[in-house]
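Thanks for coming. I have one structure to go through today, and I will take it a few residues at a time. Please have a look at it first.

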Amino acid sequence: MTAEALICSDRDLYLPQPATVVSKTVLTATETLFEIRLDSGEELKHMPGQFVEVTVPGVGEAPISVSSSPDRKDGFELVVRRAGRVTSAMHDRRCGEKLGIRGPFGTHYPVDGVMRGRDIVFIAGGIGLAPLRSAIHWVLNHRQDYGKVTVLYGTKSPAERLFLDELSDWSCRPDVTFMETVDRADANWKGNVGVITKLIPTAGIDAARTVVAACGPPIMYKFVIVSLYAIDVMDESIYVSLERRMKCGIGKCGHCQINGLYACTDGPVFNHADILRVQEAI
Ligand SMILES: Cc1cc2nc3c(=O)[nH]c(=O)nc-3n(C[C@H](O)[C@H](O)[C@H](O)COP(=O)(O)OP(=O)(O)OC[C@H]3O[C@@H](n4cnc5c(N)ncnc54)[C@H](O)[C@@H]3O)c2cc1C
Ligand code: FES
């Protein structure tokens, strides 16, 4: 590639593509699901675990994981938690209004690689279900390509559970083992209470056949990894998604650096064996 072409392609990576909010669905008090289409009519062409940089014109930009499967061709979905300036401005966007989209960026869960033919255990903590949902949908859409599928989901409280219809669907499917827990129950909760690691020993995981795809807060990984070691799951079979403050999303600004690794280009999805040497990563 010539220097000119490189500059030109770099410039394109910085340029948000115009997109439209097609629909909005309130999931919880703080999370809303956005269905978005690129105005060009092109597909996003992401893989599960990748993210986009979303621009709210006049406000700013934020990295958000794609929550829909790559199988979905007529647009894509994002789950956005109202956290601050940009995410609140996104929540205020109405259907038909414009956003800018850069990406997709980053690494993905290897649904098209080492996960094929293996048992899959998805471990989602809180809003971590949003990126994992892309991989779960992909695996269930291509069910014959995978072994046993297990989904473990934990939230702080029942009110924070996302995608209630889909949780119910997964719990009814004979080809999915679905288990969930909440840290604190409310008066109506009849399910498990306790941290997500409690589910791991009873989930019937065959360590030798299994690839784990996890997404949740850093504190969750600390305990999940210990519980996976206890049942002999190897580091090479564990994939985690690590979030860091990001700006460019394309390995140029250094904002997301973790001891020489860039979370935006080397991640956000990392094989656990690869990040063990980066002590502060998790
Ligand atoms: C790869 C990646 C994927 C992400 N996917 C999603 C997603 O699917 N859905 C979603 O709602 N959010 C996601 N986030 C987090 C989201 O990018 C931040 O919440 C957002 O940038 C905050 O911007 P803001 O202007 O609304 O808030 P600000 O006003 O900038 O900050 C508000 C609060 O959020 C905290 N914050 C800001 N950025 C981050 C961050 N990267 N991680 C943790 N806390 C942060 C700040 O410390 C502050 O406490 C993702 C982040 C990354 C890096
Ligand atoms: S966000 Fe700029 S280098 Fe990663």
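R85 is in contact with V59 and G60, once neighbours within four places in sequence are set aside. This is a predicted model, so keep that in mind throughout. R85 lies in helix α2. Is R85 buried or exposed? It is exposed, because there are just 11 other C-beta atoms within 10 Å of R85, and the cut-off for exposed is 12 or fewer. V56 is 29 residues away from R85 along the chain, and the two C-alpha atoms are separated by 9.8 Å.

Now compare P63, which is found in strand β4. P63 has 23 C-beta neighbours inside 10 Å, so P63 counts as buried; the cut-off there is 20 or more. Leaving out residues up to four places away in sequence, P63 touches F51, E53, M246 and G249. The C-alpha atoms of P63 and L44 are 15 Å apart, with their positions 19 residues apart along the chain.

Next, the ligand. Which residues come nearest to ligand 1? There are 22 residues around ligand 1, and the nearest are A62, R81, G84, V86 and T87. Four elements give two or more residues to this shell: β4 (60–65), β5 (76–81), α2 (85–92) and α3 (129–141). Of the elements, β4 gives the most, with 5 residues. By class, the shell has 13 nonpolar, 4 polar and 5 charged residues.

The shell also takes in both domains. The domain assignment gives domain 1 as 3–105 and domain 2 as 119–241, and each of them supplies at least three residues to the shell around ligand 1. The C-alpha centres of the two domains lie 26 Å apart. Where they touch, 15 residues come from domain 1 and 14 residues from domain 2. On the domain 1 side of that contact there are 6 nonpolar, 6 polar and 3 charged residues.

Back to α3, one of the elements in the ligand shell. How many residues does α3 have, and how far does it reach? It has 13 residues and reaches 17 Å from first C-alpha to last, close to the 18 Å expected at 1.5 Å a residue. Of those 13 residues, 10 are buried, so α3 is largely enclosed by the rest of the structure. The buried ones include L129, P131, R133, I136 and W138. What do the buried residues of α3 pack against? They pack against β4 and β5, and also against β7 (119–125), β8 (149–155), β11 (210–215) and β12 (238–241).

One more residue: I231. It sits in the loop between α5 (218–230) and β12. I231 is partly exposed, because it has 13 other C-beta atoms within 10 Å, and partly exposed is what falls between the two cut-offs I gave. I231 touches I200, P201, I205 and A207, not counting residues up to four places away in sequence. R116 is 115 residues from I231 along the chain, and their C-alpha atoms are separated by 21 Å.

Last, confidence. The mean pLDDT of the chain is 93, and 94% of its residues reach 70 or more. Where does pLDDT stay under 50? That happens over residues 1–8, where the model has 1 contact beyond four places in sequence.

That is what I have.

Notes. Residues are numbered from 1 along each chain as its sequence is written. Chains are lettered from A and ligands numbered from 1 in the order in which they are written. This is a predicted model: local features need pLDDT of at least 70, side-chain atom pairs count only at pLDDT 80 or more; totals for chains, interfaces and linings use all residues. A residue is near a molecule or strand if its C-beta atom, placed from the backbone, lies within 6 Å of it. Ala, Val, Leu, Ile, Met, Phe, Trp, Tyr, Cys and Pro count as nonpolar, Asp, Glu, Lys and Arg as charged, and the others, Gly among them, as polar. Domain bounds come from an automatic or database domain assignment. Two residues are in contact if their C-beta atoms, placed from the backbone, lie within 7 Å. pLDDT is the predictor's confidence in each residue, from 0 to 100. The expected span of a helix is 1.5 Å times one less than its number of residues.
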